[in-house]
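Biologist: I'm new to this one, so could you give me a close look at a single part? Pick a loop and take it from there.

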Amino acid sequence: FLKMTLVNESYRTITALFFGDVNAFSESVLEKYGKRDLDAAFAGLDNPIKLTVAYVPQINEYNGNVELQMRIKNYLVV
């Protein structure tokens, strides 16, 4: 699975989980943005990658912390 921190147009961040085909996701990003940006994304660095996602909101409770997260159902690399 893939865990990401996404930032929207308002610069708000949210944790996103993707349980689909990570290799296909990586190939889509690589094709559109190139290896440098893909490597930056996997290293947790700022990058220009833009996604449109269909998701289900979820509540994550861990060690007494509660946060909203999204479970990505489908994506489009734009």
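Modeller: Let's go to asparagine 63, which sits in the loop between strand 3 (51–62) and strand 4 (65–77). Strands here are DSSP runs of E with at least two residues, while helices are runs of H or I with at least four residues, and they're numbered from the N terminus. Before going further: this is a predicted model, where local features need pLDDT of at least 70, side-chain atom pairs count only at pLDDT 80 or more, and totals for chains, interfaces and linings use all residues. Residues are numbered from 1 along each chain as its sequence is written, and side-chain values use heavy atoms, with hydrogens and water left out.

Back to our loop. Asparagine 63 isn't a glycine, yet its phi is positive, at about 55 degrees. It counts as exposed, because its relative accessibility is 67% and the cut-off for exposed is over 50% (buried is under 20%, partly exposed in between, with a 1.4 Å probe and protein chains only).

Tyrosine 11 makes a handy companion. You'll find it in the loop between strand 1 and strand 2 (13–18), and it too is a non-glycine residue with positive phi, near 65 degrees. Its relative accessible area is 71%, so tyrosine 11 is exposed.

For contrast, try methionine 4 in strand 1 (residues 2–7). Methionine 4 is buried, at 13% relative accessible area. Beyond its neighbours within four places in sequence, its contacts (heavy atoms within 4.5 Å) include Phe18, Phe25, Leu51 and Ile72. Thr15 is another contact; its C-alpha is 5.8 Å from that of methionine 4, though the two are eleven residues apart along the chain.
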